[in-house]
Amino acid sequence: MIVRTVSTFFYRRPNGYLCLLLIPPLLWFGTVYLGSLFALLAQSFYRIDDFTAQVVREPTLATYRQLVTQPANVDIVVRTLIMAIAVTLACAIIALPIATYMARYARGRMKALFYVGVMLPMWTSYLVKVYAWRLLLAKEGIIAWVTAKLGLTGLLETALAAPGVGGPSLSSSYIGMFIVFVYMWLPFMILPMAAALERVPASLLQASADLGARPAQTFRNVVLPLAVPGIAAGSVFTFSLTLGDFIIPSVVGAPGYFIGMMVYVQQGTAGNIPLAAAFSVVPIVLIFVYLRIARRFGAFDAL
Amino acid sequence: MTAAIEFRDVSRLFGDVRAVDDVSFAIEPGEFFAVLGPSGSGKTSCLRLVAGFDAPDRGQVLLDGQDVSAVPPYDRNVNTVFQDYALFPHMTVLENVAYGPRVRGVNAATRARSAREMLDLVQLGSQGGRRPAQLSGGQRQRVALARALINHPKVLLLDEPLGALDLKLREEMQIELKSLQRRLGITFVYVTHDQGEALSMADRIAVFNKGRIDQLAAPRELYIRPRTAFVARFVGGANVAESALANIISGSEQPFAIRAENVAIQSEAVPAPPNTVSAPGSVLAVQYHGAASRWQVKLDAGEVWSALITEEKARALNGLTVGARVRLSWPRDAAVFLSASGGSS
């Protein structure tokens with residue numbers, strides 16, 4: 001009886017019902033989610049006293065000045081940015097044919113198999129995968145072994161001798177780090193891309209062919225523009241995940257610092273919370289810039 | 001004269017299903033040809049074979065005398081108006097219409113000019129800058145038409161093009177499509193499940209049933225002399241007596257059809273008029289349509305038949321209501337004798 005009364009009360013007052021449902025998640029979202037983010041941002045406007053090593057709680061841009069004027073810090077940002085762009089491009093290039101196959105051609109079991117195959121690696125521990133990759137890429141690892149068996153050691157050595165990205169072995173070079181990043185974030189590119197491609201009706205492709213477009217023209221004029229929102233969504237994932245990651249660069253790759261590692265070091269051993277906070281603002285700014293550029297190129301026009 | 005489209009013993013199988021089953025027919029240039037059938041009868045499969053989205057498993061599809069069975073859609077001089085219009089959502093109306101010339105390498109100024117001409121032809125001259133999502137269903141339909149016509153195809157395929165429009169708009173578009181076809185002189189192949197649409201627009205109609213053509217004829221012929229029970233029911237909405245029922249009514253096993261407007265209705269107490277055939281039954285329902293009313297009568301022999309009674313005659317039937325005992329009767333020569341279904345013509 002009382003249930004019925006309450007049900008009727010809310011049925012007649014849909015706004016009240018909506019409030020009842022929305023207030024708890026909004027409280028969580030507002031305080032915990034955004035609140036902590038703003039607390040973090042606020043920290044970046046404090047500075048650390050060089051003598052006492054205490055945080056000085058007065059608004060200042062000194063920390064940001066330190067971030068943009070010290071060449072070492074700028075190097076870290078540029079290094080991370082280049083890696084993020086390279087990883088995003090590679091993910092997009094690898095994901096496009098796979099996502100196209102999943103969305104347009106695979107049916108039934110094959111489709112399920114592909115979706116599970118793409119997501120399976122995400123169900124395993126992240127750390128296990130990173131350390132596994134370090135072994136795979138090591139000087140005595142299976143990749144070096146297979147290359148040697150195939151007589152391609154020379155090729156591998158040429159790659160590792162490349163200035164800037166090379167190193168003594170794959171596991172201690174930027175090439176290796178790049179491979180691990182691409183492996184880790186590929187599902188985040190494939191899934192939104194496949195979702196976008198699935199939404200393109202088959203009749204649009206038929207219409208394009210019907211009007212005289214060869215398959216390559218249909219792909220360029222119809223499929224790609226309609227897949228772009230999915231590619232944009234996927235690239236935001238791969239881009240931001242690379243910008244913020246600190247485990248992959250510390251386990252695999254050359255010794256240079258990345259943004260994530262810098263945040264980790266500054267807020268931990270160095271105890272410089274303001275600089276750590278300022279570093280964590282960098283990816284946010286870069287992603288905003290990225291989204292602006294994507295929009296300028298019409299990435300979201302088809303939404 | 002070479003046929004615009006010819007099917008020679010064409011079959012298309014999907015697993016065990018014969019979507020198109022050994023079909024042969026020819027369409028003359030400039031003809032308005034309707035492909036009529038219920039869903040799953042193979043009419044859309046035929047259209048896909050003409051457009052080139054699909055290839056026959058057996059037989060040949062010829063366009064203008066050339067075997068095109070292996071030619072992809074982008075190399076056929078055929079264009080399609082899709083059921084869902086299939087307009088590109090990321091392009092403006094003008095870009096949609098100009099798409100054909102664009103992929104064929106026509107320069108930007110020329111293709112924009114011909115796209116504008118096409119939009120004028122379908123009376124959408126002022127809408128070129130809009131996106132398809134901003135248009136009404138009828139306008140989208142016209143854009144799809146303009147986009148298909150810009151390539152000057154020899155054959156225009158229309159796949160249930162009016163299916164999504166409301167009744168009034170459908171009737172307007174029917175008249176417009178027909179006059180457009182006359183003006184342009186293009187062969188139209190019009191796929192529909194609506195027999196009224198096919199009858200009112202087409203020069204000839206192919207009635208599809210289970211992957212085969214039951215009858216291919218001009219609309220009047222199809223309506224007056226259906227060859228099979230399927231055609232009689234589907235096209236004419238006629239009452240059909242299959243052999244068992246025919247035997248009870250007329251004493252012969254030859255199946256026949258009687259159109260509803262040829263059936264008269266009397267109270268069972270009134271004797272049947274001379275020179276008629278009759279069958280007793282009871283009234284199941286009466287649907288009033290204004291100028292006429294449709295009486296559903298359950299025959300004592302089992303089937304439900306219907307009689308289309310003009311308002312004038314209906315007045316004489318005062319007192320007959322649902323459940324009343326009646327007699328259906330029709331002139332002896334109104335019966336159309338039928339052959340078995342499924343023969344390809």
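**View 1. Helix 10 of chain B lies across four strands of chain B.** In this predicted model, helix 10 (residues 243-250) crosses strand 14, strand 15 (292-299), strand 16 and strand 17 of chain B. Helix 10 runs at about 115° to strand 14 of chain B.

**View 2. Five strands of chain B form an open sheet.** The strand order is 13-17-14-15-16, and the pairing is antiparallel. Strand 13 (264-267) and strand 16 (304-310) of chain B stand at the edges. Each has a single partner strand, so one side of each lacks a neighbour in the sheet. From one strand to the next, the twist averages 45°.

**View 3. Strand 14 of chain B pairs with strand 17 of chain B.** Strand 14 covers residues 276-288 and strand 17 covers residues 325-331. The two run antiparallel and are joined by seven bridges. Val277(B) has Trp330(B) in strand 17 as its bridge partner.

**View 4. The search of the whole structure finds one cavity of 30 Å³ or more.** The volume of the largest cavity is about 60 Å³. Its lining includes Ile5(B), Phe7(B), Phe33(B), Lys43(B), Cys46(B) and Val191(B). Helix 1 of chain B gives the most, with four residues. Strand 1 (5-14), strand 2 (17-27), strand 3 (32-36) and strand 8 (187-192) of chain B each supply at least two. By class, the lining has 11 nonpolar residues, no polar and one charged.

**View 5. Confidence varies among the elements of chain B.** Strand 3 of chain B has the highest mean pLDDT (96), and helix 11 (residues 311-315) of chain B the lowest (82). Chain B averages 90, and 98% of the residues score at least 70. For the complex, the predictor gives an ipTM of 0.85 and a pTM of 0.79.

Terms used: Residues numbered from 1 in each chain as written. Chains lettered and ligands numbered in written order. Predicted model: local features only at pLDDT ≥ 70, side-chain atom pairs only at ≥ 80, totals over all residues. Heavy atoms only, no water. 1 Å grid on protein atoms, 1.4 Å probe; cavity = no way out; pocket = protein on both sides within 12 Å on 5 of 7 lines; lining within 4 Å. Points joined across faces, edges and corners; volume = space filled by probe spheres on them. Nonpolar A, V, L, I, M, F, W, Y, C, P; charged D, E, K, R; others polar. pLDDT = per-residue confidence, 0-100. Pairing = 2+ DSSP bridges. Axes fitted to C-alpha atoms, helices over the stretch in contact; angles between N-to-C directions. Contact = heavy atoms within 4.5 Å.
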